[in-house]
Amino acid sequence: MPTLPITLNRRPATLIEQARWLYRERAGSTAVVLVEHDGERRLTYGAFFEGAARFAGALAACGVQPGDLVVLVLQHGEMALAGFWGALLLGAVPSIFPFLSDKLDRARYFDSVRQLVAHSGVRLVIASPDLESALRERLAGIEPPVTVLNVDEVIGTHNGVSVQDYLNRHPAEADATAFLQHSSGSTGLQKGVMLSHRAVLNHVAAYSAAIRLAPDDVVASWLPLYHDMGLIAGFIMPILQGIPLVLMSPFHWVRDPKILLWAIHEHRATLCWLPNFAYNFLATRVRPAAIHGLDLSSLRAVINCSEPVYAESHRAFLEQYAYYGLRESALATCYAMAENTFAVTQSAPDAPPPLDVVDRRALMEDRLAVPVDDGLKPIVPTVTLVSCGAPIPNCQIQVVDEQRHALPERHIGEIALRSDSMLSGYYRRPDATAEVMADGWYYTGDMGYLAGGELYITGRKKDLIIVGGKNVYPQDIENLLNDIPGLHPGRAVAFGVFNETLGTEDIAIVAETDTDDLDARADIMREIRARVAQSTDVTARYVHLVEAKWLIKTSSGKVARRANRERFIEAVLNRLPEQR
Amino acid sequence: MAAPVVLSETEAVRDQLRDYIKTQMVKDPTYPLKDDEPLITGGLVDSFSLVELAVFIEDTFGARFDDPELTAENMNTVNQILSNIEAKL
């Protein structure tokens, strides 16, 4: 029985060392199957690292040195994978930037790339051919200058680069930064999470143990690579462990969600990670006629991660796909963040995660998770929480109060963690690092409690909104609206409201205006929606205009998000006509 | 007594489509949706909702959109969607 190359007892020092091993031992095995519009393409480990070496050669020819930052502005696909590993082989530090979508405004998008490049001192940007000239223009004048490399120039190169040459170099030590993950889509607050080779490899070892990864596993993923779940679970871990990865682009999947199901069927995939909304999306948006004959019985774990987990979403997904062989025991959960490389907790791999039914009033008012006996359930208002599992190996969790003192079980507080796979810090942001790290602990900003060794998440300390797995900061949305004619500057508020049908949050915006003119009000609403879509790539579902002084302020004069959210739900949302 | 208003088939489809977008996507039944208003780049409809809209169109009007057709270039206004529906019926 073959074993995994990376285990808790056996870890290479760097990702490059592991690449060397894979190229030597697994050259003919499948590394990645790319599901594309015109069919599938299989890359062996040999071909994969040859592609990466071509990028390493092209980057070196541009003067990229070990430690330099390389940002990838590319569609999902072979080039993004090869470009990422090309930078790694050189000892440079790659980071994947979200790709331009239909919705985003080009000028604003390029501005956000420019901000990242200027702030972080990015040495080189690898760009897709259609964005190259616009990017080159937009990045001009930054000091030190940044190079823009068109992927087409790399593909055409036969610079006599040998893979062996790159694989035999030692450009990075274990504690050097392997890559950056950007912790949010927010431009103003963008923080690059620095992860060392050691942290990433420790994580791969620990998380593989938590999910009992085995050599015969197959991973299927549509997840974006600029996000920790996609990058680690849907790329880095399977590649390093020699596990075949069946990969599709998120743009492709969202238009045609059945491709994931057929990829699982076709390749007998055993593992798949999804954010909560995807359970609802797959349960309701795939036509039965399109999945006739589908077989999902190969799946041993479908892991719900990166958004709050809802029991109802699991139920809807299971109800739809049990007929196609999906097993209830395959439902799994995980709590994760880029700052710990990826996972913090994981539910047991062979059983659905436990549910905790607790008293709603005690949860809200006393910040206590008090279990409700079965007999009392019909009369006591309850909340059902889904466990996110227990800490993965070599990771400790504690729940703390506002003074950062540990709380007992079933007390709600901030979740703090300590592990051997944590960030080394935020890139060039010692201020932001100091805010969240102390005495070896990382303070997550998420709220929850521990019960029987399992972690339950109840909310967030910050007002972060998660829409379809994407993190959105309300202040970023509010800042976009300040100069809209007809709105009072600083008198707009954004927050999330849960959408049960979609299994994720909707963005709601409430803004004050003095105008009663219907056309003028419509124009204001149009401008709000357009700005949000073009700048953040998410859609504001509710845009509600109110008269001056409607919004509740805090004692310090700021708009109070939570109080206004409650008011909006009460006064507006609950009075909308019954939804289908 | 005024003669009953008979809506042409196109107008009936248009009304249902507009109504669906206003109540289900924009969540504002009073929203003054224009027929040439950009839905996707205007931030009214996102990619997930576009798939939902296609399911609604197929269920209600029997016009089937294949997934590659669901793009911003193809589906960005009520008018565009309407002419795509008509081409399929």
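**Exercise 1. Determine where Asp111(A) sits in this predicted model, and whether Asp111(A) is buried, partly exposed or exposed.**

Solution. Begin with the secondary structure: Asp111(A) belongs to helix H4 of chain A, which covers residues 106-120. Next, take the relative accessible area, which is 31% for Asp111(A). Buried would require a value under 20% and exposed a value over 50%, so Asp111(A) is classed as partly exposed. Finally, relate the position to another part of the chain: Phe49(A) is 62 residues apart from Asp111(A) along the chain, and the two C-alpha atoms are separated by 33 Å.

**Exercise 2. Describe the surroundings of Ile264(A), and decide whether Ile264(A) is buried or exposed.**

Solution. The residue Ile264(A) is part of helix H11, residues 258-267 of chain A. Its relative accessibility is 3%, and because buried means under 20%, Ile264(A) counts as buried. When residues up to four places away in sequence are not counted, Ile264(A) touches Ala220(A), Ala269(A), Leu296(A), Ser298(A) and Leu299(A). For Ala220(A), the separation from Ile264(A) is 44 residues in sequence, while the C-alpha to C-alpha distance is 6.3 Å.

**Exercise 3. Work out the order of the 9 strands in the open sheet of chain A that has mixed pairing, and place Thr333(A) in its strand.**

Solution. The order of the strands is E2-E1-E10-E9-E11-E12-E13-E14-E17. At the edges stand strand E2 (39-44) and strand E17 (390-391), each of which pairs on one side only. Within the sheet, strand E1 (residues 30-36) and strand E10 (residues 245-248) of chain A are paired in the parallel sense over 4 bridges, and Val33(A) has Val246(A) as its bridge partner in E10(A). Helix H2 (residues 45-61) of chain A lies across E1 and E2, and runs at about 85° to E2(A).

Turning to Thr333(A), the residue lies in strand E13, residues 331-336 of chain A. Its relative accessible area is 0%, and Thr333(A) is therefore buried. Apart from neighbours within four places in sequence, the contacts of Thr333(A) include Ile303(A), His314(A), Gln346(A), Pro353(A) and Cys388(A).

**Exercise 4. Explain why one side of E4 and one side of E6 of chain A are left without a neighbour in the sheet.**

Solution. First establish the order: 4 strands make up an open sheet, E4-E3-E5-E6 of chain A, with parallel pairing. Strand E4 (93-96) and strand E6 (147-150) are at the edges and each has a single partner strand, so one side of each lacks a neighbour in the sheet. On average, and with direction ignored, neighbouring strands of this sheet are turned by 25° against each other. Inside the sheet, strand E3 (residues 69-73) and strand E5 (residues 124-127) of chain A pair in the parallel sense over 4 bridges, with Val70(A) opposite Leu124(A) in E5(A). H2(A) packs on this sheet and touches E3, E5 and E6 of chain A, its direction making about 135° with that of E5(A).

**Exercise 5. Identify how E26 and E27 of chain A are joined, and which residue of their hairpin takes a positive phi.**

Solution. Strand E26 (residues 487-499) and strand E27 (residues 504-513) of chain A run antiparallel and are joined by 9 bridges. One bridge partnership links Asn499(A) to Thr504(A) in E27(A). Between the strands the hairpin has 4 residues, and Gly503(A) takes a positive phi near 70°.

**Exercise 6. Classify the aromatic pair of Phe56(B) and Phe61(B), and find which charged residue lies over the face of Trp550(A).**

Solution. Over all chains, the structure holds 26 aromatic pairs. In the pair of Phe56(B) and Phe61(B), the planes make 85° and the centres are 5.9 Å apart, and the pair is edge-to-face; both residues are buried. The ring of Trp550(A) has Arg567(A) over its face, at 4.2 Å from the ring centre, and the charged end of Lys191(A) sits over the ring of Tyr426(A), 4.7 Å from its centre.

**Exercise 7. Quantify the interface between chain B and chain A.**

Solution. Count the residues: 34 of chain B are in contact with 27 of chain A. The buried area is about 2,800 Å², and carbon and sulfur atoms give 51% of this area. Of the area that chain B buries against chain A, Lys27(B), Phe48(B) and Asp67(B) supply 23%, more than any other three residues.

Conventions: Residues numbered from 1 in each chain as written. Chains lettered and ligands numbered in written order. Predicted model: local features only at pLDDT ≥ 70, side-chain atom pairs only at ≥ 80, totals over all residues. Heavy atoms only, no water. Helix = DSSP H or I, 4+ residues; strand = E, 2+ residues; numbered from the N terminus. Buried < 20%, exposed > 50% of the residue type's maximum accessible area, 1.4 Å probe, protein only. Contact = heavy atoms within 4.5 Å. Pairing = 2+ DSSP bridges. Axes fitted to C-alpha atoms, helices over the stretch in contact; angles between N-to-C directions. Phe/Tyr/Trp six-rings, centres within 6.5 Å; stacked < 30°, edge-to-face > 60°. Lys NZ or Arg CZ within 6 Å of the ring centre and 35° of its normal. Buried area = accessible area lost by both parts, 1.4 Å probe.
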